[in-house]
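Good morning, and thank you for joining. I should like to take you through a few local features of one model, beginning with a strand and ending with a histidine.

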Amino acid sequence: MRDEEILGAGRRPLNGGRYCKRQGGRRGKRKGSFLLTFILLLSGLLVAGCFYVDSLTYKVSYVEAGVEISPQDFFKNPTPDAVFVGASRELDTHVPGEYQVNVKSGLFSHECTLYVSDTIAPQGSVSPVELGYGQICRPDDFVLDIQDATTVSVTFAEAPDFGKWGEQGVVILLSDMGGNITRLETTLFINPVLAELEWEVGAAPPVAEDFTLAGQEKKLLTTGIDTSQPSRQTVSIEVDGIAYNSILNIMDTVPPKVEVRDVNGFVNTPVSAEAFILSVQDISPVTAAFAIEPDLTLAGSQEVSLVFTDGSGNATKASALLTLTEDKEPPVITGARDITYVMGTSIAYKKNVTVTDNSGEELALNVDNSQVNLEETGVYPVTYSAVDHAGNTASVTINVTVMAMTYDVNEVYGYADAVLASIFTEGMSQYDKILAIYNYVKTNVGYISHSDKGDWVKAAYEGFVQKQGDCYVYACTTKVLLDRAGITNMDIEKIPSRTTHYWNLVDIGEGWHHLDTTPRKDHPVIFYWTEAQMMEYSAKHGNSHNYDHELYPEVP
């Protein structure tokens with residue numbers, strides 16, 4: 001019993017294991033069969049979807065060149081959201097050929113092939129062309145207009161003979177990008193007169209025969225042809241009763257005739273190409289230049305190449321010797337003298353002072369006047385100096401003596417008398433003399449905004465000599481002229497405020513009157529004014545002429 005139980009016990013797990021194993025195999029087969037079925041079904045759907053998507057568009061399309069194409073044209077059922085994508089956005093139907101086109105609608109993009117063909121020949125019109133002998137033209141010059149969807153080239157079927165005068169037939173070919181060709185017939189007429197005649201400047205004027213190739217009767221209609229200067233002129237010629245125009249091109253083709261000479265100079269000193277010219281002949285101005293700049297640092301002789309060019313561009317080449325030596329001689333400064341300067345006048349440091357050099361070159365004259373004070377009396381040094389191209393220097397020192405200005409009343413009177421002699425005429429009344437003085441000061445003294453006050457002689461001197469000043473100078477200059485003319489006058493001053501002002505009073509037996517020669521912005525003529533006139537003006541101009549009436553005589 002024990003043995004059977006043990007055997008039985010040992011068999012149960014084995015039988016149980018086999019049973020369980022058979023059950024697991026059946027389930028796996030069922031799962032695999034389901035998965036395979038799903039995959040096959042999905043693949044079928046995908047294939048069907050692809051066929052469906054591909055069926056939405058025309059895979060191959062044909063169009064005539066120039067026809068406009070839209071993305072919807074590639075769909076069998078056009079959709080408004082269709083667009084070109086990628087390089088298809090730049091599709092050009094004006095160029096025949098095969099194009100790969102990408103269009104998109106919704107989520108899907110479609111690849112299509114478009115064939116653009118050009119089967120229509122170009123259209124156009126032509127016109128005759130007339131040329132002067134010696135001219136040529138292009139095929140395009142015969143064509144008036146061209147219509148075609150593609151680019152069209154224009155050629156001659158056979159090139160015309162431009163060296164033959166008279167009329168000849170011409171065939172123009174219009175060829176488009178599709179290989180279509182249109183033939184157009186027209187004519188070319190070449191007249192018996194040269195389109196352009198070249199003539200040497202300075203030569204005798206041409207005659208009718210110089211312009212013509214054929215014809216029995218020839219006559220130059222243009223007269224007075226000037227050949228003295230290069231120019232382009234339109235000339236009319238009549239041949240057998242028909243007038244033609246030609247261009248007369250007067251040219252200068254003859255280069256200058258030049259004789260050159262050798263030049264001696266100094267190391268590091270500039271030398272010009274013009275220095276080598278001995279003589280030059282040409283109908284126009286000639287410029288000289290070095291073909292290669294000479295080496296100015298090299299002592300000794302060297303050959304230099306020169307080019308001489310006239311106004312028409314004709315050039316003549318020549319060569320000469322340039323000999324350079326060391327320059328050890330300094331410049332020479334002459335004319336430097338001590339200067340006496342009077343304050344208030346002008347000073348010219350370089351007047352009559354010159355600098356020369358053995359090289360012949362013009363040198364700069366330097367003046368060091370940094371130690372001079374023209375506002376203070378004293379003696380100050382001034383140094384003149386110059387440096388030549390070789391580095392040699394020269395200098396001269398002088399003294400400038402600054403003196404204070406002294407004003408002589410008799411000298412001022414002399415200036416006044418000379419003025420009066422020039423502005424007064426015989427028989428003038430006192431009133432006319434005042435008017436002449438007024439006009440002289442107004443027109444001969446310039447206004448500046450300041451001057452020294454208190455010295456009427458100095459102020460009058462500035463008015464006569466320097467011819468500028470402020471109201472004090474105007475009033476003092478007027479005063480001296482009135483005094484020397486024997487006219488009773490008096491100075492008058494505005495009541496001091498932020499500004500001061502001076503003018504004059506005059507009396508010629510009619511009572512005192514105001515006289516103001518100083519220019520004002522509103523340009524009044526304050527001449528022989530009464531008190532009422534002056535006060536009215538003053539009130540309107542910021543009390544410009546208010547004065548202390550107790551200090552001056554009554555003005556009526």
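Let me fix one term before we start: a residue is called buried under 20% relative accessible area, exposed over 50% and partly exposed in between, with a 1.4 Å probe and protein chains only. Please note that this is a predicted model, in which local features need pLDDT of at least 70 and side-chain atom pairs count only at pLDDT 80 or more, while totals for chains, interfaces and linings use all residues. Residues are numbered from 1 along each chain as its sequence is written, and side-chain values use heavy atoms, with hydrogens and water left out.

Helices (H or I, at least four residues) and strands (E, at least two) are DSSP runs numbered from the N terminus. In strand β1, residues 60-64, the side chains alternate: S61 and V63 point to one face and are buried, whereas V60, Y62 and E64 point to the other and are not. Strands pair if DSSP finds at least two bridges between them. β1 runs parallel to strand β4, residues 108-117, and five bridges join the two. Within this pair, E64 stands opposite S117 of β4.

I turn now to an open sheet of four strands, with mixed pairing and the order β16-β20-β19-β18. β16 (263-266) and β18 (286-290) are at the edges with a single partner strand each, so one side of each has no neighbour in the sheet. Strands β19 (residues 300-310) and β20 (residues 315-325) pair in the antiparallel sense over 10 bridges, and V304 stands opposite A320 in β20.

Next, the helices. How do α3 and α4 cross? The axes of α3 (residues 409-423) and α4 (residues 430-444) come within 10 Å and cross at roughly 115 degrees; axes are lines fitted to C-alpha atoms, for helices over the stretch in contact, and angles run from 0 to 180 degrees between N-to-C directions. The contact, meaning heavy atoms within 4.5 Å, is made by V419, L420 and I423 of α3 and A436, I437 and Y440 of α4.

Finally, H501 lies in the loop between β29 (488-493) and β30 (502-507). At 7% relative accessibility, H501 counts as buried. Leaving aside residues up to four places away in sequence, H501 touches C471, I492, E493, K494, D516, T518, R520, S544 and H545. The C-alpha atoms of H501 and D516 are separated by 9.9 Å, the two residues being 15 residues apart along the chain.
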